[in-house]
Amino acid sequence: MPLLTADVVVIGAGIVGLALADAWLAAYPDTSVVVYDKEPRLAEHASGRNSGVLHAGFYYAPDSLKARLTRDGNRLLHEFCAERGVVVRETGKVVVAQNEAELPALDELYRRGQANGVTLEMIDEAQLAELEPLARTTGRALWSPTTAVANPGHVVEALAQRVRDRGGRIVLGATVTGAGPGWVMTTTEGRLSTGHVINAAGLYADKVAHWFGVGMDYRMLPFKGLYWYGDWEPGRLQRHVYPVPDPRNPFLGVHLTVTVDGKAKVGPTAIPALWREDYGGTSGMKIGESLDIARTYPRFFTSKHHDVTGLLRTELPKYSRTHLVRQAASLVPSVRPVDFTTKGRPGVRAQLFHVPSKRLEMDFVVEPGEGSTHILNAVSPAWTSSLAVARYVLEHHR
Ligand SMILES: Cc1cc2nc3c(=O)[nH]c(=O)nc-3n(C[C@H](O)[C@H](O)[C@H](O)COP(=O)(O)OP(=O)(O)OC[C@H]3O[C@@H](n4cnc5c(N)ncnc54)[C@H](O)[C@@H]3O)c2cc1C
């Protein structure tokens, strides 16, 4: 059998892998690009299991990749959805303060928004009541008009179609079992020779990078996100309502979002997961992975860079639906546990951990390797930022 070849092989058909294939084909239409994903369907992992919020880009330090690529990614994703007829609901978002002690952090978010070139407004309680009558704040709140929502799976499907329209090949149900400079091995097509490998393997991006000797100090720590849907009539909640986040941890706290069809949703949690694709129950449990993670978590638990005790104290009780929903009631007092009983599809965050420094990486991490590029920390909001991340990678890491 002749050896298959492709100019570029992308490992992972999540939104980041597809965005990279799309950008590559747009820049170099005469090249051959193949995307492999181990799952038989698209959007089986984070890209299909997230809140679907198009973030605006005001949370992040002005010198970070996240700041720039989220602001630009929000615009590019809006344009993409308009081009491909994917519905976007222009909800906007409010960030509310639960007490006076949170106001300095709210002001800091506003300053970051200004520095990041994001449209933001500081509003008072009366303005909040007009924008989202159900939300409560102390003194003032932030209003982000460019935050929106879409169905994350629909966006992934549409992007996969654009990759195919540009001549790319997407092979599902194909696990990449090994790779190195110039080659990849897959379960469906055997060994391929290739000019360049792009690692966009999400929860497994560290493992794939290690095949190339890249990112050897990194391990992926998985954090599970659980959601509950409300049985409120669609449209009752009009805006996403978020708390002021703790800047020491890379998660935004329990919030209320509106889905694209107007339903209210509470979540997600950020609970340490026991294996990478730990979506609940024991199906898909991988003992080797659990042992590896069990060896890594203690280093995180003793980290001085994050408020780990606070994180565990606030996150672990959220396994209880009642507890989780009650947290959201401090943002929207009419939220009651009895109204939020339909479980959403859980997601797992692929959070990169730098073992020697015991730090969770807060920014996107992209590392070059021989004949390869590795997207190592496609954490939230990489779904929003994906099209801008792809442009950045093509400009800086080719
Ligand atoms: C609970 C939760 C809520 C979030 N909310 C938001 C939000 O509202 N807005 C936002 O912008 N972001 C959000 N995010 C973040 C966002 O979902 C991720 O940043 C983004 O989806 C990452 O995309 P990805 O393509 O890197 O990963 P994935 O979607 O995980 O894709 C990686 C793919 O690689 C494949 N793969 C892995 N190993 C192999 C292999 N060896 N061979 C072949 N294929 C392989 C997997 O099957 C998978 O399909 C959220 C994430 C979570 C978990």
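In this predicted model, four strands make up an open sheet, and reading across it gives the order β18-β13-β20-β21 with antiparallel pairing. The two ends of that order are the edge strands, β18 (271-272) and β21 (359-360), each of which finds a partner on one side only. Taking the β18 end, the strand β13 (residues 218-225) is joined to β18 by two bridges, again in the antiparallel sense. To pin down the register, F223 has P272 of β18 as its bridge partner.

There is also a three-stranded open sheet, ordered β3-β8-β4 and likewise paired antiparallel. Here β3 (53-54) and β4 (88-89) are the edge strands, each pairing on one side only. Between β3 and β8 (residues 148-150), which run antiparallel, there are two bridges. A handy marker for this pairing is L54, whose bridge partner in β8 is A148.

Next comes β17 and its neighbours. β16 and β17 run antiparallel and are joined by four bridges, with H255 bridged to G267 of β17. The two strands form a hairpin with five residues between them, and in it G262 adopts a positive phi near 90°. β17 also pairs with β14, antiparallel and over two bridges; in that pairing W228 sits opposite V266 of β17. So what covers β17, and on which faces? Both faces are covered: A264 and V266 are buried on one side, and K265 and G267 are buried on the other.

Helix α9 (residues 321-329) belongs to this part of the picture too, with L324, V325 and A328 buried. Looking down the axis of α9, the buried residues fall within an arc of 95°, so they line one face of the helix. Those buried residues pack against β14 (228-229), β16 (255-258) and β17 (264-267), which brings the helix together with the strands just described.

On the level of the whole chain, the protein is split into domain 1 (1-88 + 147-217 + 362-398), domain 2 (93-145) and domain 3 (219-237 + 247-355). How far apart are the C-alpha centres of domain 2 and domain 3? The separation of these C-alpha centres comes to 23 Å. The two domains do touch: six residues of domain 2 are in contact with seven residues of domain 3. Sorted by class, the domain 2 side of that contact has four nonpolar residues, one polar and one charged.

That leaves the ligand. A total of 40 residues surround the ligand, and the closest are G12, G14, G202, G225 and A382. By class, the shell around the ligand breaks down into 19 nonpolar, 15 polar and six charged residues. Which helices and strands each supply at least two residues of the shell? They are α1 (15-27), β2 (33-37), β20 (347-354) and α10 (382-396). One of these, β20, has already appeared as a member of the four-stranded open sheet. In domain terms, the shell draws at least three residues from domain 1 and at least three from domain 3.

Note on methods:
Residues are numbered from 1 along each chain as its sequence is written. This is a predicted model: local features need pLDDT of at least 70, side-chain atom pairs count only at pLDDT 80 or more; totals for chains, interfaces and linings use all residues. A residue is near a molecule or strand if its C-beta atom, placed from the backbone, lies within 6 Å of it. Ala, Val, Leu, Ile, Met, Phe, Trp, Tyr, Cys and Pro count as nonpolar, Asp, Glu, Lys and Arg as charged, and the others, Gly among them, as polar. Domain bounds come from an automatic or database domain assignment. A residue is buried if 20 or more other C-beta atoms lie within 10 Å of its own, exposed if 12 or fewer, and partly exposed in between; C-beta atoms are placed from the backbone. The arc is that of the directions from the helix axis to the C-beta atoms. Two strands pair if DSSP finds at least two bridges between them.
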